[in-house]
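Biologist: Before I go back to the bench, I would like to go through this structure with you one question at a time. Could you take me through your reasoning as we look?

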Amino acid sequence: MVEKVYPMTLEGKEKLEKELEELITVKRKEIVERIKIARSFGDLSENSEYESAKDEQAFVEGRITSIENMIRLSQIIDSNNDKNTVSLGHTVTFIELPDGEEEVYTIVGSAEADPFSGKISNDSPIAKALLGKSINDKVLIATPGGNMEVKIVKIA
């Protein structure tokens, strides 16, 4: 079985490592303490604090496993390669045609995607359409909201 590789920037990997450290050293201990306190309330069958703490524990343990897996299978992106072609790790500025609305996105691996911070996954429709393109290329992007045409103006 081929394991999925998680392409990411060095910054993205470091961010995951910090989150993992926080979950293991702080969050895990907080939840264990919450469970201990909830157990002291008596009957566990009707103890909502206990159930809530156990649910959070399951979520945190799942997240720890997920992050450990992403870090283990990470592939660091070298964004210093060709600045004339869009690839992972690059920040792309394009103008939406015909009205000229400018948008800027950094294309990253799915493990570090954060659309609210302008970081989009290489699996997103926008990134898929832009990858491999060059400055001044016009690109048709199929999005869930319909097609849009853009012109790439900068790659950094």
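Biologist: Which residues does Asn122 touch, not counting residues up to four places away in sequence?

Modeller: Please keep in mind that this is a predicted model. Asn122 lies in the loop between strand 5 and helix 3 (125-130), and its contacts come from several parts of the chain, including Ala127, Lys128 and Leu131. The full set that Asn122 touches is Pro7, Leu88, Ile107, Val108, Gly109, Ser110, Ala127, Lys128 and Leu131.

Biologist: Is Asn122 buried or exposed?

Modeller: A residue counts as buried under 20% relative accessible area. Asn122 has a relative accessible area of 16%, so with that cut-off the loop residue Asn122 is buried.

Biologist: In what order do the strands of the open sheet stand, and which of them are at the edges?

Modeller: The open sheet is formed by 5 strands with mixed pairing, in the order 5-4-3-7-6. Each edge strand has a single partner strand, so one side of it is left without a neighbour in the sheet. The strands at the edges are strand 5 (119-121) and strand 6 (138-143).

Biologist: Which residue is the bridge partner of Ile95 in strand 4?

Modeller: Strand 3 (residues 91-97) pairs with strand 4 (residues 101-108) in the antiparallel sense, over 6 bridges. The hairpin of these two strands has 3 residues between them, and there Gly100 takes a positive phi near 85 degrees. Within this pairing, the partner of Ile95 is Glu102.

Biologist: Which residue in strand 7 does Leu97 stand opposite?

Modeller: Strand 3 is also joined to strand 7 by 6 bridges, and these two strands run antiparallel. Strand 7 (residues 146-155) is in turn joined to strand 6 by 6 bridges, again antiparallel, with Ala142 partnered by Asn147. On the strand 3 side, the residue opposite Leu97 is Glu149.

Biologist: What is the distance between the end C-alpha atoms of helix 1 (residues 10-39), and where does helix 1 bend?

Modeller: At 1.5 Å a residue, the 30 residues of helix 1 should span 44 Å, which agrees with the distance in the model. The end C-alpha atoms are 42 Å apart, and helix 1 bends by about 40 degrees at Leu23.

Biologist: Which elements do the buried residues of helix 1 pack against?

Modeller: The buried residues of helix 1 are Gly12, Leu16, Leu20, Leu23, Ile31, Ile35 and Ala38. In an α-helix, residues three or four places apart point the same way. The buried residues of helix 1 pack against strand 1 (6-8) and helix 2 (48-72).

Note on methods
Residues numbered from 1 in each chain as written. Predicted model: local features only at pLDDT ≥ 70, side-chain atom pairs only at ≥ 80, totals over all residues. Heavy atoms only, no water. Pairing = 2+ DSSP bridges. Helix = DSSP H or I, 4+ residues; strand = E, 2+ residues; numbered from the N terminus. Expected span 1.5 Å × (residues − 1). Bend = angle between axes of the 7 residues up to and from the residue. Buried < 20%, exposed > 50% of the residue type's maximum accessible area, 1.4 Å probe, protein only. Contact = heavy atoms within 4.5 Å.
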